[in-house]
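The following exercises are intended for a reader who meets this structure for the first time. Each task is followed by a solution that proceeds step by step.

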Amino acid sequence: MPRPKRSETEGFLTITTVARRLGVQPQMLRSRIGSGALPPATNETPSRVMLFDEAWVEAARQALTDGAPVRRRRAASRVPSPASFLGYPLGTAGKVPGWGEIVAYFEALAAASDRVTVEALGSSTQGRPMIAVAVSAAENLTGPARERNRELLGRLWDPRDRAETELAEAIARARSVAVILATQHANEIGAALMTMELAHLLATGDDPETREVLSRTITLLIPSGNPDGIDIYGEWYGRWLGTEYEGCDLPWLYHPYVGHDNNRDWFMLTQVENQHFAAMHNREHPQLVFDMHQMGRDGARFMVPPFIDPLDPNQDPVIQQGFAAIGT
Ligand SMILES: [Zn+2]
């Protein structure tokens, strides 16, 4: 494609700039504009280069983050693995996908597998899409099935004024919901990458154990509780890759406002990412919430129960027993 002349693009944004701002791949924008899922470009040069203005970026951001669950289906297509999608196996030295690539992978997985949907939770502080990836048997993932499950689990969440039969029905029929929150701390990238592998494993596994997990459980993967940080840290890592400073610490915050303390915000919920998570949590009524972190090259690696008294008196003892039973 010929490069547009400067005078033609003056005052407009190119698709690469817009894609970077939205935290997605240019190709994804092209295909969604083509399919009508996003509005047409604001302008086009005589050589057919698409151009955009701020209003378009805002409209696209709304469409990408605040719309109904994003669902794509193509039954016969091959289910991509993270390695085939990215071009390298996860964990390859020197290779870290950006947030746009991570989201694009899950979109591709959802397009290829009826066991996966990508659900928009809202925008991050800097406007990147925050997503939940739902993985379950196809019949558990239809809109009505998801809504029905929320209603059933909601009965158990607040059983007051409920008849015993209503509660028994909920216990018998509801699918349990397991939420895995990955990489809230953006320099702990392992968990985000793990969610890509786990989603692929569950989307492709055909053994009885996988089928049982899929039929009985809705797994909600949150690939990152801080999408901005994935790119802030990734950019910094990439800047020094191959130099003597490779792997050096980021000198500024990797969450725009609260940095590493984003996981000390759960009782105040001052940050939009945590507000999105809390809204999802209170909508889905999960039975299991797994908040994944990662330790550095030295120091403690594992923290296991029993935890030291005093335990938070606001937590139900059943929750403490749950920690002890699961082992984290
Ligand atoms: Zn952490």
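**Exercise 1. A pair of charged neighbours**

Is Arg283 buried, partly exposed or exposed? Determine also what its side chain meets in Glu284.

Solution. The model is a predicted one, in which local features need pLDDT of at least 70 and side-chain atom pairs count only at pLDDT 80 or more, while totals for chains, interfaces and linings use all residues. Residues are numbered from 1 along each chain as its sequence is written, and side-chain values use heavy atoms, with hydrogens and water left out.

Step 1. The classes must be fixed: buried means under 20% relative accessible area, exposed means over 50%, and partly exposed lies in between (1.4 Å probe, protein chains only).

Step 2. Arg283 has a relative accessible area of 37% and is therefore partly exposed. Glu284, at 1%, is buried.

Step 3. The side chains of Arg283 and Glu284 meet in a salt bridge at 4.0 Å, N to O. The term denotes a side-chain nitrogen of Lys or Arg within 4 Å of a carboxyl oxygen of Asp or Glu.

Step 4. Arg283 and Glu284 belong to a network of salt bridges that also links Glu119, Arg146, Glu147 and Arg150. A search of the whole structure finds 22 salt bridges.

**Exercise 2. Helix α11**

Describe helix α11 by its span, its buried residues and a salt bridge formed within the helix.

Solution. Step 1. Helices (H or I, at least four residues) and strands (E, at least two) are DSSP runs, numbered from the N terminus. Helix α11 covers residues 227-240, which makes 14 residues.

Step 2. The helix reaches 21 Å from its first C-alpha to its last, close to the expected 20 Å. The expected span is 1.5 Å times one less than the number of residues.

Step 3. The buried residues of α11 are Pro227, Asp228, Gly229, Ile230, Asp231, Ile232, Tyr233 and Trp236. Their cover includes α6 (99-112), β4 (129-135), α9 (190-204) and α12 (272-284).

Step 4. Arg239 forms a salt bridge with Glu235, and their closest N and O atoms are 3.3 Å apart. These two residues stand 4 residues apart in helix α11, so about one helical turn separates Arg239 from Glu235. An α-helix has 3.6 residues a turn, so residues three or four places apart point the same way.

Step 5. Arg239 is partly exposed, with a relative accessible area of 41%, and Glu235 is partly exposed at 44%.

Step 6. Following α11 comes Gly242, whose phi is positive, near 80 degrees.

**Exercise 3. Two domains**

How many residues of domain 1 are in contact with domain 2? Characterise the interface as well.

Solution. Step 1. The domain assignment, whose bounds come from an automatic or database source, gives domain 1 (1-65) and domain 2 (73-326). Their centres, taken over C-alpha atoms, are separated by 30 Å.

Step 2. On the side of domain 1, 10 residues are in contact with 13 residues of domain 2; contact means heavy atoms within 4.5 Å.

Step 3. The area buried between the domains is about 820 Å², and carbon and sulfur atoms give 53% of it. Buried area is the accessible area (1.4 Å probe) that two parts lose on being put together, summed over both. In domain 1, Gly23, Gln25 and Thr65 lose the most area to domain 2, together 52% of what that side buries.

Step 4. Across this interface the rule finds 1 salt bridge.

**Exercise 4. The surroundings of His185**

Where is His185 placed, and which residues are in contact with His185?

Solution. Step 1. His185 lies in the loop between β5 (176-181) and α9. Its relative accessibility is 3%, so His185 counts as buried.

Step 2. Leaving aside neighbours within four places in sequence, His185 is in contact with Tyr254, His260, Asn262, Asn263, Arg264 and His293.

Step 3. The side chains of His185 and Asn263 are joined by a polar contact of 3.0 Å. A polar contact is a pair of N or O atoms within 3.5 Å; within protein, one must be able to donate a hydrogen and the other to accept it, and residues adjacent in sequence count only if both atoms are side-chain atoms.

Step 4. Arg264 forms a salt bridge with Asp261, the closest N and O atoms being 3.4 Å apart. Arg264 counts as partly exposed at 45% relative accessibility.
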